[in-house]
Structure formats: structure tokens, C-alpha cells
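Colleague: I'm new to this one and would like a close look at a single part of it. Could you pick the last helix and walk me through what surrounds it?

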Amino acid sequence: CEDVLALLKVKYIHLITFVRRRCSCGKWINIPIQKNAGVPDFLIFANKGILLIELKTKKGILSKAQKDWRKDLPPRFNYTVIRDVEDFIETVKFYN
């Protein structure tokens, strides 16, 4: 996603919420590094306003904290859930 934003020359902040580490059993685990639960993954400063993007897998769902964070936003913020790269590109292009 960051490569796409760089190509489109869009200003953004990527809010990293966890790091992936392999534990001694061989499985990958997510270690939280952000204390503000529910904050979206990307804040994008586009021509049509501030776009807040939450990245999810095709089957991923918003957590309660993410839903709460989303419903409390002022209407001027554009919050969207993105599930694939093509949707990410089209959404950023639309707002930029």
C-alpha cells in the first residue's frame, strides 16, 4: 500500500498497530505496539479530504474498538474498510 501511495504522490501516515514475530513454536504471532485500539491503519491526506483506511482480509471484521472509533468520527472524515489492493488503489484515486 505504501508503494501505491508513493506512486500516486499522496501524503499519508501509516499507523502500525502490531509487529509480527515468530515464536519458539514456529508460529507467527502479532505483538501489539499501539495503545489506541480502533485507530485505522492509514490516514491519507487527499484532495477531497482526510481518508481513514482500515485494512482487512476478505473475511476480516471490525473489532468493537474499531466500530466505536468509526461511529464517533465527524462526518468530514471518510472512513472505509479496504479488502484488496485494487480497491485500495481505486479508493485513493477517487479521493485524490
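Modeller: Here's a walk around that helix, starting with the whole chain and ending with a couple of side stops.

Keep in mind that this is a predicted model. The chain has three helices and six strands, and reading along the sequence gives the pattern α-β-β-β-β-β-α-β-α. Its C-alpha trace spans about 45 × 30 × 25 Å along the principal axes, and buried residues make up 27% of the 96 residues.

Now to your helix, H3, which covers residues 85-95. Right at its start, aspartate 84 has a side-chain oxygen that comes to within 3.3 Å of the backbone nitrogen of glutamate 86. Which residues of H3 are buried? They are Phe88, Thr91, Val92 and Tyr95. These four cover an arc of only 95° around the axis, so they sit on the same side of H3. Turn to the other side of H3 and you'll find Glu86 and Phe94 exposed.

So what covers the buried residues of H3? The cover includes helix H1 (2-7), plus strands S4 (42-46), S5 (49-55) and S6 (78-82). Those three strands belong to an open sheet of four, ordered S1-S4-S5-S6, with mixed pairing. Strand S1 (11-14) and S6 are the edge strands, each pairing on one side only. From one strand to the next, the twist averages 20°. Inside the sheet, S4 and S5 pair in the antiparallel sense over five bridges, and phenylalanine 42 stands opposite isoleucine 53 in S5.

Isoleucine 53 is a handy place to see how the helix and sheet meet. Leaving out neighbours within four places in sequence, isoleucine 53 is in contact with Phe88 and Val92, and also with Pro40, Asp41, Phe42, Ile44, Thr80 and Ile82.

Zoom out a little and this becomes a shared core. In soluble globular proteins, nonpolar side chains tend to be buried together. Here the largest nonpolar core has twelve residues: Val4, Leu5, Val10, Phe42, Ile44, Ala46, Leu51, Ile53, Ile82, Phe88, Val92 and Tyr95. H1, S4, S5 and H3 each supply at least two residues of this core. There's also a second, separate core of five residues, among them Leu62, Leu73, Tyr79 and Val81.

Since you're new here, two side stops away from H3. One is helix H2 (residues 64-71), which lies across S5 and S6 and runs at about 150° to S6. Glutamine 66 is found in H2; is it buried or exposed? Glutamine 66 is buried, with a relative accessible area of 9%. Its side chain reaches the backbone nitrogen of serine 63 at 2.7 Å. Not counting residues up to four places away in sequence, glutamine 66 touches Gly38, Glu54, Lys56, Ile61 and Tyr79.

The other stop is lysine 9, in the loop between H1 and S1. Lysine 9 has a positive phi of about 55° although it is not a glycine. Lysine 9 is exposed, with a relative accessible area of 76%.

Back to the chain as a whole for one last figure: among contacts between residues at least 6 apart in sequence, 56% join residues at least 24 apart. Your helix offers one example of a link along the chain, with Phe88 in contact with isoleucine 53.

Definitions and conventions: Residues are numbered from 1 along each chain as its sequence is written. This is a predicted model: local features need pLDDT of at least 70, side-chain atom pairs count only at pLDDT 80 or more; totals for chains, interfaces and linings use all residues. Side-chain values use heavy atoms; hydrogens and water are left out. Buried means under 20% relative accessible area, exposed over 50%, partly exposed in between (1.4 Å probe, protein chains only). The arc is that of the directions from the helix axis to the C-beta atoms. Contact means heavy atoms within 4.5 Å. A polar contact is a pair of N or O atoms within 3.5 Å; within protein, one must be able to donate a hydrogen and the other to accept it, and residues adjacent in sequence count only if both atoms are side-chain atoms. Two strands pair if DSSP finds at least two bridges between them. Axes are lines fitted to C-alpha atoms, for helices over the stretch in contact, and angles run from 0 to 180 degrees between N-to-C directions. A nonpolar core is a set of buried Ala, Val, Leu, Ile, Met, Phe, Trp, Tyr and Cys residues joined through side-chain atoms within 4.5 Å.
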